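Here is a short, friendly walk through one protein model. Have the sequence and the 3D view open side by side as you read.

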Amino acid sequence: MQQPAPLPEHRLGQLDGLRGLAACAVGLLFHARVMYGDAPNPLAGVPVAGWLQIHGWAFVDLFFVLSGFVFAHTYLAGWQLRPGMTARQFWLARIARLWPLHLVMLAFTVLLLRSEPSTNPANVLLSALMLQVLVDNPTEVLNGPAWSLSVEMFAYGLFLLAALTRPALFKAVALAAIVWGAWDIWTHGVWDALIGRGLLGFFLGVLVQRNLPLLSRLPVWLLAPAVLIPALIPPAGQALLLTVLLAWPAAILLALRLPLLQAPVMLWLGDRSYAIYLIHVPVYTLMGNLALSWGIAGNAAWLALTMAAWALILVLSNTAYRQLERPAQRAIRALADRPRVILA
């Protein structure tokens, strides 16, 4: 039996904490609007929270950059796949990490939205296979945030193919993906360039990690203003490129210098960031439907309901992480490690 390839033991705790913050920006703040419908937004105008309610979607692009950085750290030796790691092991690791919770939340969403036109066999099948980015409007098919998982699958496939080739070709692929992604955003806009956004962010993260010894020398006084770019130039339309190309790499480089992001609460959020990301919209949809039937009105009532939704999302995410994600990963990896019988 071939043993799994050794992976880096050093946990990038600061980036786990950063991922947790990004999940909260998208899951607890930006998509809370799903619950309000036509009701007044109780967070509108609140400093920081109000901004995130409008522009928090751009943190999805931070996820892409983080993914590329972590994949380069985990799977690459130089510019090639880590010795001993096979394509089969790579994809089994991805399946173990992503699919169990995705399929459970897809089933729940299908039940919740069973009367909606988007809940049809074709969309359910594409979503189950993480190919929903191929439909006309993947951000509104079933569990909307899962569109980014579909995009990441394309990035993973290209990453693996490039990592199995020579270093020069890998570098060429990474640069081409970044250039094409930026061109896609520039010419087609944010919401018609989903694959381009994913490839741009992912391979930018790869390049940042591969050049970390050089980039880590950048001073804080240069990184901190770069992180503030989205607040000064909102990431709408083509301006998203400034956020992705400058702000998010700077955020990662700065995060690696902040021990606070490794605090227990930050690591807790980071571990549960995937669950937060997949669970929050179905929870908001369910609670919004209940609020409509209860006739809830007034900012105070909606704010209380928002905080209750946040608490429920965090509780369910913790349960999903402990009772589903981790056991499923262990089971799938144990199955993958079993010796395969070769029949003569």
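How do the residues of the lining of the largest cavity divide into nonpolar, polar and charged? Five are nonpolar, four are polar and none is charged. Please keep in mind throughout that this is a predicted model.

**The cavity**

The structure holds one cavity of 30 Å³ or more, and about 50 Å³ of space lies in the largest cavity. To find it on your screen, select His 102, Met 105, Leu 106, Ser 127, Gln 132, Val 141, Leu 142, Asn 143 and Ala 146, which line it. Helix α5 (residues 87-112) gives the largest share of this lining, with three residues.

Leu 142, one of the lining residues, deserves a second look. Leu 142 sits in the loop between α6 and α7, and its phi is near 55°, a positive value in a residue other than glycine. As general background, most residues other than glycine have a negative phi. Met 130 is found in the loop between α6 (121-128) and α7 (147-163), and Met 130 also has a positive phi, of about 55°, although it is not a glycine.

**Helix α9 and the core**

Now turn to helix α9, which covers residues 194-210. How far apart should its ends be? At 1.5 Å a residue, its 17 residues should span 24 Å, and the end C-alpha atoms are 25 Å apart, so the two values agree. Most of this helix is covered, with 15 of its 17 residues buried.

The largest nonpolar core has 102 residues, and those that touch the most other members are Phe 159, Phe 170, Phe 203, Val 206 and Trp 248. Setting aside neighbours within four places in sequence, Val 206 is in contact with Gly 68, Phe 69, Ala 72, Leu 76, Trp 79, Phe 159 and Phe 170. Phe 159 and Phe 170 therefore appear both among the best-connected core members and among the contacts of Val 206.

**Loop residues**

The table gathers loop residues with their relative accessibility.

| Residue | Relative accessibility | Class |
|---|---|---|
| Met 130 | 0% | buried |
| Val 190 | 5% | buried |
| Leu 142 | 6% | buried |
| His 31 | 18% | buried |
| Gln 262 | 35% | partly exposed |

His 31 counts as buried because its 18% lies under the 20% cut-off. This residue lies in the loop between α1 (13-29) and α2 (33-36). His 31 and Val 281 are 250 residues apart in sequence, yet 6.8 Å apart in space, C-alpha to C-alpha. Beyond its neighbours within four places in sequence, His 31 is in contact with Val 26, Pro 145, His 280, Val 281 and Tyr 284.

Gln 262 has its place in the loop between α13 (240-255) and α14 (264-271). Which residues does Gln 262 touch, not counting those up to four places away in sequence? They are Gly 13, Gln 14 and Leu 267. The C-alpha atoms of Gln 262 and Leu 15 are separated by 8.3 Å, with their positions 247 residues apart along the chain.

Val 190 is found in the loop between α8 (167-188) and α9. With residues up to four places away left out, Val 190 touches Trp 57, Arg 197, Gly 237 and Leu 240. Val 190 and Thr 119 are 71 residues apart in sequence and 25 Å apart in space, C-alpha to C-alpha.

Key
Residues are numbered from 1 along each chain as its sequence is written. This is a predicted model: local features need pLDDT of at least 70, side-chain atom pairs count only at pLDDT 80 or more; totals for chains, interfaces and linings use all residues. Side-chain values use heavy atoms; hydrogens and water are left out. Helices (H or I, at least four residues) and strands (E, at least two) are DSSP runs, numbered from the N terminus. The expected span of a helix is 1.5 Å times one less than its number of residues. Buried means under 20% relative accessible area, exposed over 50%, partly exposed in between (1.4 Å probe, protein chains only). A nonpolar core is a set of buried Ala, Val, Leu, Ile, Met, Phe, Trp, Tyr and Cys residues joined through side-chain atoms within 4.5 Å. Contact means heavy atoms within 4.5 Å. On a 1 Å grid over the protein atoms alone, a cavity is a set of points where a 1.4 Å probe fits but cannot get out, and a pocket is an open set with protein on both sides within 12 Å along at least five of seven lines; lining residues have an atom within 4 Å of a point. Grid points are joined across faces, edges and corners, and a volume is the space filled by probe spheres set on the points. Ala, Val, Leu, Ile, Met, Phe, Trp, Tyr, Cys and Pro count as nonpolar, Asp, Glu, Lys and Arg as charged, and the others, Gly among them, as polar.
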